[in-house]
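Student: I'd like to learn how to read ligand and metal sites in a model like this one. Can you walk me through it?

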Amino acid sequence: MSADAVAPNGSEIAGVGEARVRICEVGPRDGLQNLVACIPTARKIDLIRRLADAGLKDIQIGAFVNPQAIPQFADIEAVAGGVRDLGGVTLSALVPNVRGARRAVASGIDTLVFFFSVSRSHNLANVRQTPEASLAALEVIRTDVLPGSEATLRVDLATAFGCPFEGRIAAETVLAYVHRVAEAGIGEITLCDTVGVGNPRQTEALARACREAFPEIAFGMHFHDTRGLALANALKAWEAGIRSFDGALGGLGGCPFAPGATGNVATEDLAYLFSEMGIETGLSPEALLAAGGFLRETIPGLALTSALARAGLPVRHPFPEHPATEGPSTRKIR
Ligand code: COA
Ligand code: ZN
């Protein structure tokens, strides 16, 4: 009973073979941050290596935050030390403040991902400061922490689609913060749907507005699949010219300081979406699924929410044996 793998459907689509998407893996950070159990350091290192083996070239390995706030990342220095030798992979980590940025640089992190929420209340709940104070910290990081290091800086704007405390966030608010961050000389900005409330039309409009107003900025998108719209949002963002997306293996994730937050869009589902359309991801779906199996082994009782983990890759099944297949139908017609 062998089953043949089915070729991606997009391979025949003329003209799209050249297109390529960048998928950034945030599973070791966003995926693990709200788990109750702390994963042993060696397993985290193993997971990151498996993700790299699956073809991921951008991996967020954790966060340099207060270990009292998120105990999962108390071992971030040891994790960074355990994966530093990974060649050809950009290792990034989340930093909430100047202290976190200094720790990240000292650990040899390639890309510091500085984050703050465009809604005041979520920024206060999450990093205990106003967006203005976060922007001031960004300036210190840029002028005092980064010089002399080879690290680059990306900025993530959280709650860019909606806030758990303030509801829908207007595109003008997001654009105003993009402007402030661009003014600070940052070239890469990711818009995050922290609580999964964005819809495809909103995504398309926001992506187009951002790209039009700031053509020099490389924008990325970070979706949570809280209400099942993450892939639709990703597709609309792609159509609006976005070429970089965050995903978390298995669909894990969620901000511990955002009530109602659930998992990220699963990396393997994002990869499947794009590769089926003939867009190059550079990822091995089999290796991603195997890494998901490793996650399940690591975290007993964990249910992966990704569609691909549930259904597997499409296969061509043998037609079931049935008398009707052996000749003219013998079934009585009533
Ligand atoms: N790394 C390690 N420790 C840190 C730190 C960092 N980046 N920033 C602050 N601290 C420590 C301080 O040294 C201080 O320690 P002490 O109590 O032993 O003196 C303590 O944390 C409080 O410092 P303070 O500057 O008052 O920070 P805070 O309590 O206002 O917390 C954050 C601010 C951002 C550090 C904290 O809220 C945090 O880490 N939040 C995590 C947010 C997050 O990751 N959310 C999920 C992503 S969406
Ligand atoms: Zn997230």
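Tutor: Pockets come first. On a 1 Å grid over the protein atoms alone, a pocket is an open set of points with protein on both sides within 12 Å along at least five of seven lines. A molecule sits in one if more than half of its atoms lie within 2 Å of its grid points. Here, the space taken by ligand 1 is the largest pocket.

Student: What should I know about the model and its labels?

Tutor: This is a predicted model, where local features need pLDDT of at least 70, side-chain atom pairs count only at pLDDT 80 or more, and totals for chains, interfaces and linings use all residues. Residues are numbered from 1 along each chain as its sequence is written, chains are lettered from A and ligands numbered from 1 in the order in which they are written, and side-chain values use heavy atoms, with hydrogens and water left out.

Student: Which residues come nearest to ligand 1?

Tutor: "Near" means having a heavy atom within 4 Å. There are 21 residues around ligand 1, and Asn66, Asn97, Arg99, Arg103 and Asn126 come nearest.

Student: Which polar side-chain atom lies 2.4 Å from an oxygen atom of ligand 1?

Tutor: A polar contact is a pair of N or O atoms within 3.5 Å. That one belongs to Arg99. The side chain of Asn97 has an N or O atom 2.9 Å from a nitrogen atom of ligand 1.

Student: And the zinc ion?

Tutor: Donors are N, O and S atoms within 2.8 Å of the metal (3.2 Å for Na, K and Ca); water is not among the atoms, so sites may look incomplete. For the zinc ion (ligand 2), the protein donors are Asp30 (OD), His222 (NE2) and His224 (NE2), at 2.0 to 2.1 Å. Their sequence spacing is D-x191-H-x1-H.

Note on methods: A polar contact is a pair of N or O atoms within 3.5 Å; within protein, one must be able to donate a hydrogen and the other to accept it, and residues adjacent in sequence count only if both atoms are side-chain atoms. On a 1 Å grid over the protein atoms alone, a cavity is a set of points where a 1.4 Å probe fits but cannot get out, and a pocket is an open set with protein on both sides within 12 Å along at least five of seven lines; lining residues have an atom within 4 Å of a point.
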